[in-house]
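Me: I have a model open and want to learn how to read its contacts. Where should I begin?

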Amino acid sequence: MAVLVLADHDNASLKDSTHKTVSAAQAIGGDVDVLVAGQNAKAVAEAASKIAGVRKVLLAESAELGQGLAEAFEALIVPLAANYDAVLTPATAQGKNLSPRIAAKLDVSQISDIVGVVDANTFVRPIYAGNALETVQSSEAKKVITVRPTAFKAAAEGGSASVESVAAPAAPAKVRFIDQRLVKSARPELAGAKIVVSGGRALGSAEEFQKVIEPLADKLGAAVGASRAAVDAGYAPNDYQVGQTGKVVAPELYVAIGISGAIQHLAGMKDSKVIVAINKDPDAPIFQVADFGLVADYKTAVPELMAALG
Amino acid sequence: MKVLVPVKRVIDYNVKVRVKPDQTGVDLANVKMSMNPFDEISVEEAVRLKEKGVATEVVVVSVGPTQAQETLRTALAMGADRAILVDAGAQDLEPLAVAKALKAVVGEESPEVVVIGKQAIDGDNNAVGQMLAALLDWPQATFASEVEIAGGKAKVTREVDGGLQTLEADLPAVITVDLRLNEPRYASLPNIMKAKKKPLDVKPLDSLGVDAAPRLKVLKVAEPPKRAGGVKVESAADLVTKLKTEAGVL
């Protein structure tokens, strides 16, 4: 039995979701290899080799892999999958983009966004925005799985796996990378942050969002998140969206400001350890999941909170 | 240029989902069903492509139960030209089976672009578009927030980890749509009436000759653990004290 884990990285650094996916792989059992596919990603492969329990790290490099083209990942991973019983990918936007392509090419049903491993063939996954948990059993010889990183503990450091280069197959010609605009921020990354401060529609404008949410996040050393309503209204970039179709987070502390708590938003944050809600509507559904609720207008409550934090 | 838009009939996104007491699934009896919200966005995008003169025909297709005809009629009322129901009866299909059925429909219809919602809000798999692209060996552009089609190419801005990315794909291609692409229109009453007269072909899933057998066995569907309700605090200062002492997270 052997499992291949596709590393999550930005060509420069390895993301924590890789460690969490390795831990899901270890729950399935067998040897665990990590595939680092990117460009100039040697440092990422070195970092992956230090994850405890990893047998070996495979490093494949090409321009198209560095750009994240799903077709390039398909060409690389489908032949590699012959050596493995399962291929696990973190359920990030990129993982969701490429993994179903690999499953279809291998003619297997993808098991999406698992939050639990019951045994090597049985998995738990959320459906209906996390309002139900489905336990599914696969009879397929090869499994293609995406893993919800927040549901698993990160595998520890302390390994010393070897790094082996594998050739990246020829690039697909039918799709080309044009450019990307990534949000640059000195704050921690939303998906893995210990504290998240999120703003909702009540903020009313992008200026207000920046003026209220960002200083509080900086004071707490937190990442910034937003509800779908705030993103749709243009108060915050798409990358901030927490929810069923955005990012799923499970920080130590989640602070929801001016967020009513639609089911779709709760789906993305209800596994946080401690939830704080500040909303002037005492009946807002967010209070049903909040450990600490403050019924107040954010306009007065956030400055007071800043002052109380010192 | 012909555009094919797959749509799915799902539980309405405003409905509170209830798990059946016997844990065999989610209770769908007497529950409001609607078009998957992401598919409304893909129908809207296709109709806009036609209004701009980029597309000549918008064909909507659903692989699902007989009642999905209602969903298709909604798409026709939004402005699609004709509809195809691949009738799967009461069979619950996995994304791979849906992708295989859609591949067969693509073979018959030869669209130049398939525009499809990035995920359905029931299964939350986020898989059919990518699987269809793989089975067809077409390029894919997922999670689109902006689409421009010209000269046999699609330029697509995508919502990715960390921001936005722009790709250019040669047609034919599969585009999966995200929330920010557009705001779907409501069908007007005259258009709902007109939609009743638009063609809607029904073909049984069996007639496509695809392997739709489930690969996964659902052992149970359970409610997630409930979060215990918390407490209300009186002030911001009180909140900070509780976070420091009771919760220990600051």
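Reply: What follows goes through the chain contact, a strand pair and the domains. Keep in mind that this is a predicted model.

Me: How many residues does each chain bring to the contact between chain A and chain B?

Reply: Contact here is judged by C-beta atoms that lie within 7 Å. By that count, chain B brings 65 residues and chain A brings 72 residues. On chain B, the elements that each supply at least two residues to the side touching chain A include the helices α3 (95–109), α4 (128–136) and α6 (236–247). Strands are among them too, including β7 (140–150), β8 (153–160) and β12 (216–222).

Me: Which element of chain B gives the most to that side?

Reply: β9(B) does, with 8 residues. As for the make-up of the side of chain B that touches chain A, 34 residues are nonpolar, 15 are polar and 16 are charged.

Me: In which sense do β16 of chain A and β13(B) pair, parallel or antiparallel?

Reply: Parallel: β16 (residues 292–295) of chain A and β13(B) are joined over 2 bridges. To find the place on screen, look for A:F292, which stands opposite B:V231 in β13(B).

Me: Now chain A alone. What does its domain assignment give?

Reply: Domain 1 covers 2–165 and domain 2 covers 190–309. Their C-alpha centres lie 30 Å apart. The contact between these two domains of chain A takes 9 residues from domain 1 and 11 residues from domain 2.

Me: How do the residues on the side of domain 1 that touches domain 2 divide?

Reply: In chain A, that side of domain 1 has 2 nonpolar, 4 polar and 3 charged residues.

How values were computed
Residues are numbered from 1 along each chain as its sequence is written. Chains are lettered from A and ligands numbered from 1 in the order in which they are written. This is a predicted model: local features need pLDDT of at least 70, side-chain atom pairs count only at pLDDT 80 or more; totals for chains, interfaces and linings use all residues. Helices (H or I, at least four residues) and strands (E, at least two) are DSSP runs, numbered from the N terminus. Ala, Val, Leu, Ile, Met, Phe, Trp, Tyr, Cys and Pro count as nonpolar, Asp, Glu, Lys and Arg as charged, and the others, Gly among them, as polar. Two strands pair if DSSP finds at least two bridges between them. Domain bounds come from an automatic or database domain assignment.
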